[in-house]
Amino acid sequence: MKNAFEELEFNKVKALISSHCMSPLGERLVEDLTPLTDKTLVEKKLSELQDVFNYLEQSHHFALSSLEDTEMLFDYFGKYEQFNIDQLLMFGSNIRIANTLKKDRDILPENFPELHAITSTLVEMKELENRFDNIFDSAGEIRDTASPMLSSIRKNKLKTRKRIYTELESILEKKDYENVIQEKVVTFRDERYVIPVREGGVTQMKGIVHGRSKTGASFYVEPLSVMELNNSLNTLSEEEKQEIHRILTELYNQLRDNKDALLQNLGILQIIDFLNACALYSRSIHAYMPAIIDDTRLSLKNARHPLLFNSIKDPNNIIPFSLLIGDEFRGIVISGVNTGGKTVTLKATGLLTMMALSGLMIPVEESQIGMFTSFFTDINDEQSIEDSISTFSSHIKKLNAIFDGADGSSLILIDELGTGTDPEEGAAFAQSVMEALIAKKSKVIITTHLNKLKMFASEHPLCENASMRFDQEKLQPTYQLDLGFPGNSYALDIAKEYHSPENIIARARELIDQKSLQLSELLKKTEQQRIHLSQKLYEFDLKNKLLEQQLESLNKKEQNWKQIEKERTQKALKDSEEYLSQLQREFDHEIDGLKKQFRAEKNIDHAKVHDVKNRISKERISIEKKQDDLSDIEFVPIKEVTVGKEVYIKPLKLVGKVHSVEKNTARVLAEGLTYNVKKTDLYEIPKGKELAEHKEDAEISIHADIDHDFAFELNLMGLTFDEARIQLDKYLDKAILLNYPKVRILHGKGTGQLRRKIWDYLKNDRRITEFNSAPLQEGGDGVTVVLLM
C-alpha cells in the first residue's frame, strides 16, 4: 500500500532536484527532504533558499563542478598512514572550492544575509591550498618542484636516461651489429632499457637477455655498457618513490591536523550544493516563495503542478488553478468529466504543500501554506499505479488508516471517494467519511462523480463544491478549476460525440433516475449561466481597466498641465523679482546722486528722497500684489490686532509677537528687534512658517514701513577691513537717507581686529552720533550698535 509521498510523487521532485546536484553530498540532503513541523525552521530553510535563488538570478554562480564526496575518508584518518593520490586530490579540490567561496565578495550580509551567514563559517585554508598547488599540477601529476630533493632526483634521472639512450643509439648504428639487430629501436623491459636482437645474434652482443618477443623472432638484450647506467636509473627511481611517499605522507599529516576544519567546510559545501540544486530546480519550474502561516489554511493562486514542467515543453501551456480551504470551509468536493484534471489538481495541491513545508519554492504566484503535520491520500491514478488495486476493500484499508491518524492538522486527499461498490451505498459511505473527517477539523479534498456528494457539499456549512470547467460546445475539458460550482460528468453527451448509437443513448436517458436527470440538466444550465456571467465579468473587467487607463492618462495630463502652470508661475515670479532688482538699481542710482549733493552742499533734499521713495513704493506694492496672486501661500489679514498675538509681517517676511498697539500701527517683536509696522502689513501666520525665538528686552525700535528691502543689520563677518569698509560706507549712506535712527553692524569677536578697525572708522565719520557694543544678550562685543544723525 503506497503512502502519501509515493502517491503524490514527491520522490520524483526529489529526483529532479538531485539531477542539479554536483556531488553525492547534495544528493543525500535532497534525499532527506521531508515536510517539517516547526514553522520557524521552515521559514529559515526558505530564507536560505531565497538568498541562493536571488544570488543566481543576479548572474552569479557557485563553482561546485569539482566538489568531491570525502565524507567516508574522514573515518580513515589515523587508521591509514596516508591516502592515495586520487583521494588527496579530492581533498585539494574541496579546499580550493571552500577558499574561493569564502573570498566571494558578492556575498554581502546586506544583500544575502542567510547565504552570508552560511559561508562566513567556512574556514579559509590558504596554506593548504598553496601546498596542494606546489605538489600537484593541473592534471594531478606530482610536480618536479614538490620538494628540492625530488627536483634533484628527477634531474639526475633525466641525465641518466639521456646517457643510456646515447649509448644504445651508438650501438644501433655500429656496422658490426647490422645483421644482429632486429630493429633499430630502444625499448623498455623489466625496468631496463634494451634493444631487440635476432635469435642468432644473441651470442654476438655481450649483454643480459630480458625476455623474448611474442613472435619469438627477437630477444631483448641489455648491453653490458649500459648495465650500470640502468642500475643507477633504477636506484634513482626508487629514491623518487621514497621522496614522493615522504611528500604525500607529510601532506596527509597536514590534512589530519586540520580534520575538524575540513569536516566543517565539507558540511557547508554540502549545504551549498543542496541549496544550489534547489534554486536551479526552482528556476526551471518558475517557482515563487510561499508564505508559511501558523494555522492549517491553504491558499493557492495560479498554481501549477511542478512535474508538468518536465513533460510540457512550453510552461505557458500549463493551465493554472486556484484553491482555498480552511477559512470558511474544511472540505472541497471536486467534480467534473473524466480526464478533466481532477486528479492532477488533487495531487498538485498535496505535492505543492509538501514541497513548501520542506523548505522549497513552488510554482504558485501567491500562496499561504498552513502548518500541516500529516498527509493522507487515497489516489487511483492509473498512469502512476503499478499494482492494479482499485477494489473497494483496498479503499477501506486506506480509509481506516486515515481515520486512525487524522486530526486538525491533517491534509487529506481522496480520489473518487465511494467508488468500487454499489453507487447508492458508496455515496452514503463517502458522505459519512466526509462528515467524520470534517468533524476532526481535518482539511479534506475529494474528487467524485456522485451527485449525492455534490448535494452534500452544497448543503454542508463547512464544505464547498468545485468543478473542472468543461466546454459544452466543443465537449472538451479546459482543465480549469472553479470553486463554488459542482460539475457535471457529461457521460451521455460525450458518448454521443463519440458516435455511440442513438438508440442506446436514448435508452440510457430513460433509465436514468428522473431526479438525477433533472440535476444533470440543472448542472448544465448552471454551467452555461456561469460561463455567461464569466464572460460578462470579463467584459466588465476589461472596460474597467480601459477606464482606469484613460483616467490615469487624464491624471498624467493634468499633472503635466499643473507642472507647466507651475513653471509659468515660477517664471513670472522670477521676472517680477528681476524687475524689483532693476527698480532697486535705479533707486541706488538716485541715492548716489543725493549722496553727491549731501557731500557738496551738506544738505539733503528730503522732498526728492520722498518722491523717490513713493515711486519705488508704488511699484513695489503693485508687484507684490502680483506675486501674492502667483504664490501658493495664502495670506489672511488679521481682523483684530491684540497684544501678545503671533503675527506675520508680510513686507519683512518675519514672524513675531505683538508688543503694543496704536491706532494704525503696532510694535512687533521679531528676531530680537522691535518693529513699528502698519496694521495692514500684519497677517495670520501662513502654514509652514514658524515663530522665531524673540527677545523681550530688545532695545532697537524700527519703522518698518520706511523701506521693506532695507536690512537693519549689516553682516561683515569673514571679510577683510578693506572689503568691509566699502559695504559699510554704502550701508550707512542708505540708512541716513532713509532716516534710520539706529542700525547694527555684525562683525563677530574673533581676534578683535575687524571690530577695532571698524570702530576707528566710525570715530571719524561725522554722520555717526554714537556707537557701542550691543547688550550681551544681543551679541555683546560681536555686534556694534550705531546711532545715526
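In this predicted model, the largest nonpolar core holds 99 residues. Ile-17, Phe-62, Phe-91, Phe-132, Leu-255 and Met-355 touch the most other members of this core. Helix H10, spanning residues 259-284, supplies the largest share, with twelve residues. Another core lies apart from it and has 21 residues. Among them are Ile-402, Ile-414, Val-433 and Met-434.

The surroundings of Ile-17 were examined next. Neighbours within four places in sequence were left aside. Ile-17 is then in contact with Val-30 and Leu-33. The other contacts of Ile-17 are Ala-277, Cys-278, Tyr-281 and Leu-360.

Charged side chains were considered as well. The structure holds 27 salt bridges. One of these pairs Glu-43 with Lys-39. The closest N and O atoms of this pair are 2.7 Å apart. Both residues, Glu-43 and Lys-39, belong to helix H4, which covers residues 39-57. They are four residues apart, about one turn of the helix. Glu-43 has a relative accessibility of 31%, so it counts as partly exposed.

Helix H4 also contains Lys-44 and Glu-48. The side chains of Lys-44 and Glu-48 form a salt bridge, at 3.6 Å from N to O. Again the spacing between Lys-44 and Glu-48 is four residues, about one turn of the helix. The two partners fall into separate accessibility classes. Lys-44 is partly exposed because its relative accessibility is 40%. Glu-48 is at 11% relative accessibility, and therefore counts as buried. The cut-off for buried is under 20%.

A further salt bridge joins Arg-246 to Glu-250. Here the closest N and O atoms are 3.6 Å apart. Arg-246 and Glu-250 both sit in helix H9, residues 227-257. They too are four residues apart, about one turn of the helix. Arg-246 has a relative accessible area of 39%, so it is partly exposed. Glu-250, at 34% relative accessibility, also counts as partly exposed.

The pair of Arg-246 and Glu-250 does not stand alone. Arg-131 and Glu-243 are linked with Arg-246 and Glu-250 in a network of salt bridges.

Key: Residues are numbered from 1 along each chain as its sequence is written. This is a predicted model: local features need pLDDT of at least 70, side-chain atom pairs count only at pLDDT 80 or more; totals for chains, interfaces and linings use all residues. Side-chain values use heavy atoms; hydrogens and water are left out. A nonpolar core is a set of buried Ala, Val, Leu, Ile, Met, Phe, Trp, Tyr and Cys residues joined through side-chain atoms within 4.5 Å. Buried means under 20% relative accessible area, exposed over 50%, partly exposed in between (1.4 Å probe, protein chains only). Helices (H or I, at least four residues) and strands (E, at least two) are DSSP runs, numbered from the N terminus. Contact means heavy atoms within 4.5 Å. A salt bridge is a side-chain nitrogen of Lys or Arg within 4 Å of a carboxyl oxygen of Asp or Glu.
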